[in-house]
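This report describes one protein chain, going from its strand pair to its helices and then to its pocket. The sequence and the model are shown below.

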Amino acid sequence: MCPRFEKAVDLLSKRWVALIVFVLIPGPRRFGEIESCLSNLSGKVLSDRLKEMENEGIIQRTVYPDIPVRIEYSLTAKGTALAPILKEIGSWSSEWVELGSTL
């Protein structure tokens, strides 16, 4: 198997990563906004995933020196390139995935 493909699948299959990307597709969001979009996601896990995704170059963290400080997360070009893939997964899931079924 291609090592790049394997790394990509490992990254995107990590719990919450694809959903965080999906939430950021419309545009930048603050931490609390991301957290409120994803029920059952703890703040600790969200913080960890955001750091990992920033290290991978998928998201960008922007700090605005307002009072209080405002921090926004947005997709980089690398992250934005995932949008068509996730939209296709959404289309596939609408047609083929039944809620309550397991693999």
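Which residue in E2 is the bridge partner of Arg61? The partner is Tyr73. The model in which this pair is found is a predicted one.

**Overall layout**

Six helices and two strands make up the secondary structure of the protein chain. Read from the N terminus, the order of the elements is α-α-α-α-β-β-α-α. The C-alpha trace spans about 50 × 35 × 25 Å along its principal axes.

**The strand pair**

Strand E1 covers residues 59-64 and strand E2 covers residues 70-75; the two run antiparallel and are joined by six bridges. Besides the pairing of Arg61 with Tyr73, Tyr64 has Arg70 in E2 as its bridge partner. The connection from E1 to E2 is a hairpin of five residues. As a general point on such elements, side chains in a regular strand alternate between the two faces of the sheet.

**Backbone exceptions in two loops**

Most residues other than glycine have a negative phi, and most peptide bonds are trans. Two places in this chain depart from that pattern, as the table shows.

| Residue(s) | Feature | Value |
|---|---|---|
| Ile67 and Pro68 | cis peptide bond | omega about -5° |
| Trp16 | positive phi, not a glycine | phi about 85° |

Pro68 belongs to the loop between E1 and E2. Trp16, by contrast, sits in the loop between H1 and H2.

**Helix H2 against helix H4**

Two packed helices are described by the angle between their axes and the distance between the axes. For helix H2 (residues 17-24) and helix H4 (residues 43-55), the axes come within 10 Å and cross at roughly 80°. H2 and H4 are therefore roughly perpendicular to each other. The residues that meet are Val17, Ile20 and Val21 from H2 and Leu46, Arg49, Leu50 and Met53 from H4. By class, the residues of this contact are six nonpolar, no polar and one charged.

**The largest pocket**

Rolling a probe the size of a water molecule over the atoms shows where empty space is left. In this model the largest pocket has a volume of about 370 Å³. Its lining consists of 14 residues, and those closest to the pocket centre are Leu12, Ala18, Leu19, Leu86 and Ile89. Helix H1 (3-13), H2 and helix H6 (83-96) are the elements that each give two or more residues to the lining.

Which element supplies the largest share of the lining? That element is H6, with five residues. Sorted by class, the lining has nine nonpolar, three polar and two charged residues. H2 thus appears in two of the settings described here: in the contact with H4 and in the lining of the largest pocket.

Technical notes:
Residues are numbered from 1 along each chain as its sequence is written. This is a predicted model: local features need pLDDT of at least 70, side-chain atom pairs count only at pLDDT 80 or more; totals for chains, interfaces and linings use all residues. Side-chain values use heavy atoms; hydrogens and water are left out. Axes are lines fitted to C-alpha atoms, for helices over the stretch in contact, and angles run from 0 to 180 degrees between N-to-C directions. Helices (H or I, at least four residues) and strands (E, at least two) are DSSP runs, numbered from the N terminus. Angles under 35 degrees count as roughly parallel, over 145 as roughly antiparallel, 65 to 115 as roughly perpendicular and the rest as oblique. Contact means heavy atoms within 4.5 Å. Ala, Val, Leu, Ile, Met, Phe, Trp, Tyr, Cys and Pro count as nonpolar, Asp, Glu, Lys and Arg as charged, and the others, Gly among them, as polar. On a 1 Å grid over the protein atoms alone, a cavity is a set of points where a 1.4 Å probe fits but cannot get out, and a pocket is an open set with protein on both sides within 12 Å along at least five of seven lines; lining residues have an atom within 4 Å of a point. Grid points are joined across faces, edges and corners, and a volume is the space filled by probe spheres set on the points. Two strands pair if DSSP finds at least two bridges between them.
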